[in-house]
There are 2 protein chains.
Amino acid sequence: MQMTPMIESFVMHFGEMGSKWGFNRTVGQMVALLVVAKEALSANQIAEALSISRGNVSMGLKELQSWRLIQLQHKPGDRKEYYQAAGSIWELANRVFEERRKREMDPTLSLLRNILVDAPANDNEVHAQQKLQEIHDLLEGITKWSSELQSMSPEKLNTLMKLGSGVGKVLDMKDKFLNKTSD
Amino acid sequence: MQMTPMIESFVMHFGEMGSKWGFNRTVGQMVALLVVAKEALSANQIAEALSISRGNVSMGLKELQSWRLIQLQHKPGDRKEYYQAAGSIWELANRVFEERRKREMDPTLSLLRNILVDAPANDNEVHAQQKLQEIHDLLEGITKWSSELQSMSPEKLNTLMKLGSGVGKVLDMKDKFLNKTSD
DNA sequence: TTAAACTTTCAGTAATTTCTGAAACATGTA
DNA sequence: TACATGTTTCAGAAATTACTGAAAGTTTAA
């Protein structure tokens with residue numbers, strides 16, 4: 001894998017952004033590399049391209065597997081393992097999105113549920129619980145909504161996105177329609 | 001601000017989650033504390049409640065201001081500055097969402113635009129640029145879509161969320177309707 | 001079996017991030 | 001002016017996270 005200046009700048013940028021996206025620098029670089037690579041790469045090729053240790057690559061691959069972002073591939077007559085991005089950009093983005101939801105929202109949701117079953121012990125806690133309830137409901141709403149969106153076909157999702165804030169008009173239309181039929 | 005066990009467990013949890021959400025432990029604890037607090041708190045009260053240094057609180061408040069999550073308040077006859085959460089849970093979530101979009105997507109979008117104006121230098125780069133274009137389009141789509149959603153009224157957004165994957169049906173309806181009128 | 005070719009693990013080190021506390025700064029008051 | 005009451009800054013320390021490289025583990029083949 002030749003790191004031309006163009007590819008290198010992209011890979012390095014993904015490294016920098018990595019931490020904001022939930023993984024570390026080298027893991028970020030690894031995804032970027034595998035996404036632009038035409039062919040699957042071996043662990044050694046990755047280590048060489050990024051100038052990082054073989055051990056680090058091994059750990060990074062493990063991490064990327066837990067995100068379901070890469071796929072193993074075997075080449076006939078070769079004992080090495082080759083890795084490639086697991087699907088289209090769209091699919092990868094979906095996985096990142098879902099995985100982050102799991103890591104960033106689910107634990108909080110479950111903590112809030114636990115807290116909210118207890119009776120408030122004083123005035124402050126009454127107020128606090130109201131806030132916690134609001135947070136809980138919001139997180140739950142987002143969770144449901146996003147899992148429903150993910151179950152929609154890409155085409156339909158695309159229509160929806162293209163529609164943008166025009167969704168508002170469609171919703172109005174729906175109301176009118178429903179009102180008419182319920183006359 | 002008395003840290004009852006209930007409030008403490010919530011605040012500490014937000015501290016742990018903080019880093020996943022884009023800020024550090026103490027900043028996470030600080031938001032949590034200010035959200036559940038009934039009254040605005042002074043920097044010293046925050047430092048005391050969380051057992052952290054006054055300097056750390058000052059830095060954290062600065063950070064939270066850059067996220068537009070807190071508001072300054074002055075009490076008459078008191079030179080101290082008091083802080084409180086800047087708005088409802090809904091508003092706070094919106095700000096976090098928008099701020100993260102800025103930090104996590106905008107820089108990548110701009111890098112990709114720069115890369116994509118250059119002509120590919122070889123076969124690998126042709127393939128790479130295709131991928132980069134896909135990433136670019138996806139990020140751009142999400143950016144537009146999310147800013148349009150944010151410009152919708154909370155009620156409409158709520159309708160949309162409640163609708164869930166039922167949006168699909170509404171979209172079909174819209175198509176039928178448009179086809180009829182265009183006959 | 002033994003060896004060759006590969007992968008994973010993990011203790012120790014390096015790099016990065018966060019936090020403290022003292023000094024500097026700001027502002028109002030006597 | 002000097003002082004009291006606050007806030008911010010920032011150098012250094014502490015804590016956390018990431019990385020290396022050598023040793024251990026795994027798999028296939030002869």
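Hi everyone, this is a short walk through a predicted model with two protein chains, A and B, and two DNA strands, C and D.

Some housekeeping before we start. This is a predicted model, where local features need pLDDT of at least 70 and side-chain atom pairs count only at pLDDT 80 or more, while totals for chains, interfaces and linings use all residues. Residues are numbered from 1 along each chain as its sequence is written, and chains are lettered from A and ligands numbered from 1 in the order in which they are written.

Let's begin with chain A by itself. How many helices and strands does chain A have? There are nine helices and three strands, taken as DSSP runs numbered from the N terminus, with H or I over at least four residues for a helix and E over at least two for a strand. Going along the sequence, the order is α-α-β-α-α-β-β-α-α-α-α-α. The C-alpha trace of chain A spans about 70 × 50 × 30 Å along its principal axes. Its radius of gyration is 23 Å, while a compact globule of 183 residues would be near 16 Å; that radius is taken over C-alpha atoms, and the globule rule is 2.2 Å times the number of residues to the power 0.38.

Now find α2 and α3 in chain A. Their axes are 11 Å apart and they pack at an angle of about 110 degrees. Axes here are lines fitted to C-alpha atoms, for helices over the stretch in contact, and angles run from 0 to 180 degrees between N-to-C directions. The two helices, α2(A) and α3(A), are therefore roughly perpendicular; the classes are under 35 degrees for roughly parallel, over 145 for roughly antiparallel, 65 to 115 for roughly perpendicular, and oblique for the rest. On the α2(A) side the contact uses A:Thr26, A:Gln29, A:Met30 and A:Leu33, and on the α3(A) side A:Ile46, A:Ala49 and A:Leu50. Contact means that the C-beta atoms of two residues, placed from the backbone, lie within 7 Å. By class, that is five nonpolar, two polar and no charged residues. For the classes, Ala, Val, Leu, Ile, Met, Phe, Trp, Tyr, Cys and Pro are nonpolar, Asp, Glu, Lys and Arg are charged, and the others, Gly among them, are polar.

On to the two chains together. Chain A and chain B each bring 53 residues to their contact. Which element gives the most on the chain A side? That is α7(A), with 14 residues. The chain A side divides into 27 nonpolar, 14 polar and 12 charged residues.

Two helix pairs across this contact are good to look at. In one, α1(A) packs on α7(B) at about 35 degrees, with axes 10 Å apart. Here A:Met6, A:Ile7 and A:Phe10 meet B:Glu125, B:Ala128 and B:Leu132, giving five nonpolar, no polar and one charged residue. In the other, the axes of α6(A) and α1(B) come within 11 Å and cross at roughly 180 degrees. So α6(A) and α1(B) are roughly antiparallel. The residues are A:Pro107, A:Thr108, A:Leu111 and A:Ile115 from α6(A), with B:Met6, B:Ser9, B:Phe10, B:His13 and B:Met17 from α1(B). They split into six nonpolar, three polar and no charged.

Last, the DNA. Which residues are closest to DNA strand D? Of the 22 that surround strand D, the closest are A:Asn24, A:Ser53, A:Gly55, A:Asn56 and B:Gly55. A residue is near a strand if its C-beta atom, placed from the backbone, lies within 6 Å of it. The surface near strand D has four nonpolar, 10 polar and eight charged residues, and α4(B) gives the most, six residues.

Strand C also has 22 residues around it, with A:Gly55, B:Asn24, B:Ser53, B:Gly55 and B:Asn56 coming nearest. Near strand C, α4(A) has the largest share, six residues. By class, the surface near strand C has five nonpolar, 10 polar and seven charged.

That's my tour, thanks for listening!
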